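Colleague: Could you walk me through this one, step by step? I'd love to learn how to read it.

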Amino acid sequence: MKSLLLARLLAPLLLGACADTEPPLDYGLPNAWPEPPVLPELGAGRIVVTNSMDDTVSLLPLDGMDTPDWGELARVPVGLNPVELEGPHHAAFSPAGDFYYVGLSYSVPGAGSGPHGAHGTGTADGYCLKLDARTNRLVASTRVDRNPGDLVISRDGRTLYQTHFDLLRVQEVARTGGTRAQMNATLVLIDTDTMKVKKKVSVCPAPHAVRLSPDETRAYVACLSDEIAVVRLDDPAYPVTLVPLPQAGTPVSPRHSPYALTASHTDGRVWVSTLNGSTVYALDPTTGGLVAEGAVVPEGTSPLRQGIPMFGDLSADGKTLFMPYQRVEAVAIIDVTGARPVIKGTIDLAPEGCLNVHQVTLLPEGDKALAVCEGDHVGPGTLHVLELKTGEVTKTVRVGIYPDSVGILRRRP
């Protein structure tokens, strides 16, 4: 018995002695935390694609698209936790070209299947990241609400506007019998210098896309509750007006589900894309209401009738709207100069490998556009360069998993 007791007492000491003799860890690399790639100077600018299912951003040069070897410069990890998928979702860019900003949605665990699935049902608070455009390293971050959605930056680069696509809040309040106001999520205003939240504005249930008026006195927000929220930014109280879509449903059972917005930089019109139909609605900034005759309505046998419009862009003169449609994987070219928009043609993306087109962004010169496609959310998505005059896809580049935005980082003149 004494020998057994002695063995038990000595066991921890023997284990400690063994620990002192453990061999050093072998990481298999000279440097366990390799330095990120050294990229060329910003030059004419850089294309940034957020890849929400592998926690990276794809970086591509803005110039050199006509060269045979044009493609990704790098695919850079972003986030706060290297062992957890955090869902980088959309980006905004400093006017000076020195920083860019990415939201972390924390809605990836599980299926992570996009706006129709797990997106919007994250249970953890999100973050907004500030990244150095030269080194792509994290500069600062700020904690925001659950399920960050879209984000845009003011013209002077001093304020970020970030929505929160909190579908989970709608579900929770409906289940417990709460009020509609309790379903509202926020539009957050962030000071880019300090990365501190300046203001939280309760806007509507499940707000996603946000765009600013040309004079930046209004913020327009797409609400899944079949409404557009108009936020007065020139009033310290930040009053909110809700503009319902025709025959609107409820937050729990929406008829249209507004999700994406495209704002004109010339006349201030706002084009509203929904998840439940092919019509793109038009909001008049002067009256603050929808203009029925201004809506884009695919007619007849147009394949676009089966599509879902997403995030578009307008030509520099504001006369042509380029609107991507999921399901049919095409970009509609729309003349918006008249009382009624006219669809003049389409650029087909499916033959070039596009699946689930998400956003179109015009290049600064206006002769080309970029279309980012989510893919199947399991393998790589794609980025396509479109020649607008000929309607051709001239380049296709594989990027990360589930890319959900494409933007341009450059120094504005």
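**Bonds, cores and a helix**

Modeller: Happy to! Cys 354 and Cys 373 form a disulfide, with their sulfur atoms 2.1 Å apart. Keep in mind that this is a predicted model.

Colleague: Where in the chain do Cys 354 and Cys 373 sit, and how many residues apart are they?

Modeller: Begin with the bond itself, which is left-handed, with -95° about the S-S bond. Cys 354 is in the loop between strand S23 and strand S24, while Cys 373 is in strand S25. The pair links distant parts of the chain, and the separation is 19 residues.

Colleague: Is Cys 354 buried or exposed?

Modeller: Buried means under 20% relative accessible area. Cys 354 has 5% relative accessibility, so Cys 354 counts as buried.

Colleague: How many disulfides does a search of the whole structure find?

Modeller: Besides the bond we just discussed, a disulfide joins Cys 204 to Cys 223, with an S to S distance of 2.0 Å. Cys 204 lies in strand S11 and Cys 223 in strand S13, so this pair ties together parts 19 residues apart in sequence. In sequence order, the bonded cysteines pair as 1-2, 3-4. The search of the whole structure finds 2 disulfides.

Colleague: Which strand gives the largest share of the largest nonpolar core?

Modeller: This core has 22 residues, and Ile 228, Tyr 259 and Leu 261 touch the most other members. Strands S13, S14, S16, S17 and S18 each supply at least two residues of the core. The largest share, 3 residues, comes from S16.

Colleague: How many residues are in the second, separate core?

Modeller: Among the members of that core are Leu 187, Leu 189, Val 203 and Leu 212. The second core's count is 16 residues.

Colleague: Is His 256 buried or exposed?

Modeller: His 256 is placed in the loop between strand S15 and S16. Beyond its neighbours within four places in sequence, His 256 is in contact with residues including Asp 226, Pro 246, Thr 274 and Tyr 281. Its relative accessible area is 8%, and the cut-off is under 20%, so His 256 is buried.

Colleague: Which residue caps the N-terminal end of helix H2?

Modeller: Let's look at the helix first: its buried residues are Leu 167, Leu 168, Val 170 and Val 173, and they pack against strands S7 and S11. Just after H2, Gly 177 takes a positive phi of about 75°. At the N-terminal end, a side-chain oxygen lies 3.3 Å from the backbone nitrogen of Leu 168, and the capping residue is Asp 166.

Conventions. Residues are numbered from 1 along each chain as its sequence is written. This is a predicted model: local features need pLDDT of at least 70, side-chain atom pairs count only at pLDDT 80 or more; totals for chains, interfaces and linings use all residues. Side-chain values use heavy atoms; hydrogens and water are left out. A nonpolar core is a set of buried Ala, Val, Leu, Ile, Met, Phe, Trp, Tyr and Cys residues joined through side-chain atoms within 4.5 Å. Buried means under 20% relative accessible area, exposed over 50%, partly exposed in between (1.4 Å probe, protein chains only). Helices (H or I, at least four residues) and strands (E, at least two) are DSSP runs, numbered from the N terminus. Contact means heavy atoms within 4.5 Å. A polar contact is a pair of N or O atoms within 3.5 Å; within protein, one must be able to donate a hydrogen and the other to accept it, and residues adjacent in sequence count only if both atoms are side-chain atoms. A disulfide is a pair of cysteine sulfur atoms within 2.5 Å.
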